[in-house]
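Good morning, and thank you for making time for this presentation. Please have the sequence and the coordinates open as I speak.

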Amino acid sequence: MNTELLTYNLGEGVEAFSTRRYSDLPYPVIQGHQIHEARVAFIDRPGMTREELEGYDVYVTTLKGVAIGVRTADCVPVLLYDPVKKVVAAVHAGWKGTVLHISEKTVEMMTIKYGCHAEDIRAVLGPSIGPDSFQVGEEVAEHFKNADFPMDQIWSFQGMGDGSPMSGGHHIDLWKANRWLLEKAGMKPENIQVSGIDSYTTEDFFSARREGTHCGRTINSIMLV
């Protein structure tokens, strides 16, 4: 039983982690009620509540010592850090949010509100459903196509499959899709880390697709220190 946090190295001045199934939070983390949209909340004081953050899937702050985070169980957590302007963001990018270009919009909002430059921002994509596990219906693939994603990079059709779970059919690579959005927003490719941990196949992390929607949630947190 692994209770250690999965920690990320985004440089000095910041702490970022994802909890594992049996991890304890080391300190309080501000979280909202996510609804798979692309609204951005600016956290301007400690102790903001889930009720205050109803309907937001992105949290951004410049407050030192205030952890912000998103809850995931297959969706992609994107944690962002601008070491120049001292801004952090936590993004809940499910497939619906990804279609809405949520990661790109977050970088744009950091630029507009705080004067960030995209080329300075660093990012990590935490544990989330991997491309081999994210089998989708044709209509979901169409949503990505209609949202101008590079389908040759993020989509594949794997035929009839071999009868095992998630084999065959349409697959979407949410990691590549969100990386593409971040690069489209102006971020440098070398500043984007992808954990590469598939939550569906790694029991250390919760997976709604594997366990059902009432399973627990991974907390993905970032904090200026």
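Let me begin with a term: I shall call a residue buried when its relative accessible area is under 20%, exposed when that area is over 50%, and partly exposed in between. I should also say at once that this is a predicted model.

With that cut-off in hand, consider strand β5. Four of its five residues are buried, so the strand is largely enclosed by the rest of the structure. β5 covers residues 68–72, and its partner is β13, residues 218–224, to which it is joined by five bridges in an antiparallel arrangement. To place the register, Ile68 stands opposite Ile222 of β13.

A second enclosed strand is β7, residues 87–93. Here seven of the seven residues are buried, and therefore β7 too is largely enclosed by the rest of the structure. As general background, side chains in a regular strand alternate between the two faces of the sheet. In β7, Val87, Ala89, Val91 and Ala93 point one way, while Val88, Ala90 and His92 point the other way, and all of them are buried.

Which strands pair with β7? One is β4, residues 58–61, which runs antiparallel to β7 and is joined to it by four bridges; within that pairing, Thr61 has Val88 as its bridge partner. Another is β6, residues 76–82, also antiparallel to β7, with seven bridges between them. There, Val76 is partnered with Ala93. β6 and β7 form a hairpin with four residues between the strands, and in that hairpin Lys86 adopts a positive phi near 60 degrees.

A further sheet deserves a brief mention. Three strands make up an open sheet in the order β9-β11-β10, with antiparallel pairing. β9, residues 135–136, and β10, residues 155–157, are at the edges with a single partner strand each, so one side of each has no neighbour in the sheet. Between β9 and β11, residues 170–172, there are two bridges, and Val136 of β9 stands opposite His170.

I turn now to the largest pocket, whose volume is about 540 Å³. Which residues lie nearest its centre? Out of a lining of 21 residues, they are His36, Cys75, His92, Ala208 and Arg217. His92 has already appeared as one of the buried residues of β7. Three elements, β5, α1 (95–99) and α6 (208–211), each contribute at least two residues to the lining. By character, the lining divides into seven nonpolar, eight polar and six charged residues.

Cys75 leads to the matter of disulfides. How many does a search of the whole structure find? The result is zero. For Cys75, the nearest cysteine sulfur belongs to Cys215 and is 10 Å away, whereas a disulfide would require the two sulfur atoms to be within 2.5 Å. Cys75 counts as buried, at 16% relative accessibility. Cys116 is likewise buried, with a relative accessible area of 2%.

Salt bridges are a different matter, for the whole structure contains seven. In one of them Asp204 pairs with Arg20, the closest N and O atoms being 2.9 Å apart. Asp204 sits in the loop between β12 and α6, and Arg20 in the loop between β2 and β3, so this pair ties together parts that are 184 residues apart in sequence. Asp204 is partly exposed at 23% relative accessibility, while Arg20 is buried at 14%.

Another salt bridge joins Lys184 and Glu104, at 2.8 Å from N to O. This pair links distant parts of the chain, with Lys184 in helix α5, residues 174–184, and Glu104 in helix α2, residues 102–114, 80 residues apart. Lys184 is partly exposed, with a relative accessible area of 44%, whereas Glu104 is buried at 7%.

The side chains of Arg210 and Glu211 also meet in a salt bridge, at 2.9 Å from N to O. Both residues belong to a network of salt bridges that includes Arg21. Arg210 is partly exposed at 27% relative accessibility, and Glu211 is partly exposed at 35%.

Finally, the loop between β2 and β3, already met through Arg20, also holds Gly32. Is Gly32 buried or exposed? At 0% relative accessibility, Gly32 counts as buried. Its C-alpha atom is separated by 24 Å from that of Gln193, which is 161 residues away along the chain.

Definitions and conventions:
Residues are numbered from 1 along each chain as its sequence is written. This is a predicted model: local features need pLDDT of at least 70, side-chain atom pairs count only at pLDDT 80 or more; totals for chains, interfaces and linings use all residues. Side-chain values use heavy atoms; hydrogens and water are left out. Buried means under 20% relative accessible area, exposed over 50%, partly exposed in between (1.4 Å probe, protein chains only). On a 1 Å grid over the protein atoms alone, a cavity is a set of points where a 1.4 Å probe fits but cannot get out, and a pocket is an open set with protein on both sides within 12 Å along at least five of seven lines; lining residues have an atom within 4 Å of a point. Grid points are joined across faces, edges and corners, and a volume is the space filled by probe spheres set on the points. Ala, Val, Leu, Ile, Met, Phe, Trp, Tyr, Cys and Pro count as nonpolar, Asp, Glu, Lys and Arg as charged, and the others, Gly among them, as polar. Two strands pair if DSSP finds at least two bridges between them. A salt bridge is a side-chain nitrogen of Lys or Arg within 4 Å of a carboxyl oxygen of Asp or Glu.
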